[in-house]
Amino acid sequence: MGRRLDRIDRAAGRAAAGVAVSAALALALAGCGSGGGGKKDEGGGGGKGGSTAPTVRLPSLKGQKLQVTAVWTGPERDNFQKVLEEFEKRTGATVDFVPSGDDMAGFIGSKIAGGGPPDVAMLQQVGVLNEFAGKGWLKPLGASAKAQLAKNYAKGWQDLGAHKGTPYGVYFKASNKSLVWYNARAFDNAGAKEPKTWPDFVKAAEIIGESGVEPVSVGGADGWTLTDWFENIYLSQAGPGKYDQLAQHRIKWTDPTVKQALTTLGQLFGRKDLLAGGNSGALQTDFPTSVTQTFSGGDAPKAAMVSSADFAAANITQTKAKVGKDAKVFPFPAVGAKSPVVTGGDVAVALKDGKASQALLTFLASTDAAKIWAQAGGFISPNKELDQAAYADDVLREIAKALVAAGDDFRFDMSDQAPASFGGKPGQGEWKDLQDFLKNPKDIAGTQARLEKDAAKSFGR
């Protein structure tokens, strides 16, 4: 890979400190800890949130076939399929969904090499979008898609989908990665309260552990979950300026701020009594299981809380727990002066020219497509024109409101800004280095050295 990310500087610079998001999210979630689920008449048929009238015109594509790829599996794939089915219904096209696996960059690269890339891909990394655009693999957005983008998205999200000023992508699905979901019954039984600071978080984990429930579920088998842990701590502790510098590899991973963040993370990862299954168990737990085991088992769940983005709600629905009642949420605890707010997202890009590809991008940029998944749950959209009543429950509705209210004030996932070889591939780079850290949390200097070696190789500096 080895591509420099100078082109990301523009987007990262415009994505300001995130203070507005932090304040808005804290206010929004203040009522979510004890609130119930959404009202049944919200987001349903009829009323402001339930209008089914199309807001965008799509062309007739009868007889045309379209192949779409994304990393989504399970509930996320099922809900995205509902979006694609509506597109088929309105255009007459046939859409074939092909799962990419976690290594989207490798998957697309192999398809390009074989001469058969999918028509549309949902990329998870800004770095991958810029890399693909730089190689000439992506097709610019057409007029209709650009019109929907300009109408429905804040400039920060438009910039993240552009390369050298040319718009290529539509951020259809966003995520707030600075949340901790918790089992309300486990907290109540232990007498634990929602923590606001990192020391309070560790203390709450200890109190829960003493009650007989293992406190924190970590999906360490999926390396990206560990980058989220690090990024939240680093952003809150080191601040947005250092965050941007590290994201762009303008400071080294051997920097003292990285040592401080790993030391803080080690206060959790270095306590096997605080991890569900201990360190070895965490390393064998994938992301979906890390969520479902927190909300299964009645009075004896395998864990009491899990740090995860809003999309964990989709996995929670696979259990008997009700979001907002049994499964509650609080902002990631403040390590420094403020709680962090790290966002992520899936950006739709076209790899083939064609009327069908551009029509799907136009649809995904509209409120029509966003409403379908919002009603299904486990989803938030950066689409500022989406009626918030469409969301399936009050918790996600408030998280989405905070995201939209923030405008351009957010920080995008650090690993997703990096070249895929460092920030986005299983078994290598940052994912592997942090898995090794979870295995041996005392080896802070060695972890820093490995992170710096891998980052330097991928960034080319």
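The questions and answers below deal with the pockets, cavities, one sheet and one helix of a predicted model.

User: Between which two domains does the largest pocket lie?

Analyst: The largest pocket has a volume of about 550 Å³ and is lined by 28 residues. Among the elements that give two or more residues to this lining are helix 4 (74–91), strand 6 (169–176) and helix 11 (223–238). Two domains both give residues to the lining, so the pocket lies between domain 1 (65–175 + 344–412) and domain 2 (179–340 + 418–459).

User: Which residues lie nearest the centre of the largest pocket?

Analyst: The lining of this pocket divides into eight nonpolar, 11 polar and nine charged residues. Of the 28 lining residues, those nearest the centre are V71, E76, Q124, W224 and F311.

User: Which element gives the most residues to the lining of the largest cavity?

Analyst: The structure holds three cavities of 30 Å³ or more, and the largest has a volume of about 120 Å³. Of the 16 residues that line the largest cavity, T225, W229, F287, S307 and S308 are the closest to its centre. Helix 11, helix 15 and strand 9 (305–307) each give two or more residues to this lining. With five residues, the element that gives the most is helix 11.

User: Is helix 11 largely enclosed by the rest of the structure or largely open?

Analyst: A residue counts as buried when its relative accessible area is under 20%. In helix 11, 14 of the 16 residues are buried, so the rest of the structure leaves this helix largely enclosed.

User: How far apart are the end C-alpha atoms of helix 11?

Analyst: The helix has 16 residues, and at 1.5 Å a residue they should span 22 Å. The distance between the end C-alpha atoms agrees with this expected span: 22 Å.

User: Which residue follows helix 11, and what is its phi?

Analyst: The residue that follows helix 11 is G239. The phi of G239 is positive, near 95°.

User: Which strands stand at the edges of the four-stranded open sheet?

Analyst: The sheet has the order 8-9-7-10, with mixed pairing. An edge strand here has a single partner strand, so one side of it is left without a neighbour in the sheet. The strands at the edges are strand 8 (216–217) and strand 10 (327–331).

User: Which residue of strand 10 stands opposite V180?

Analyst: Strand 7 (residues 179–183) and strand 10 run antiparallel and are joined by five bridges. Opposite V180, in strand 10, stands F330.

Technical notes. Residues numbered from 1 in each chain as written. Predicted model: local features only at pLDDT ≥ 70, side-chain atom pairs only at ≥ 80, totals over all residues. Heavy atoms only, no water. 1 Å grid on protein atoms, 1.4 Å probe; cavity = no way out; pocket = protein on both sides within 12 Å on 5 of 7 lines; lining within 4 Å. Points joined across faces, edges and corners; volume = space filled by probe spheres on them. Nonpolar A, V, L, I, M, F, W, Y, C, P; charged D, E, K, R; others polar. Domains from an automatic or database assignment. Pairing = 2+ DSSP bridges. Expected span 1.5 Å × (residues − 1). Buried < 20%, exposed > 50% of the residue type's maximum accessible area, 1.4 Å probe, protein only.
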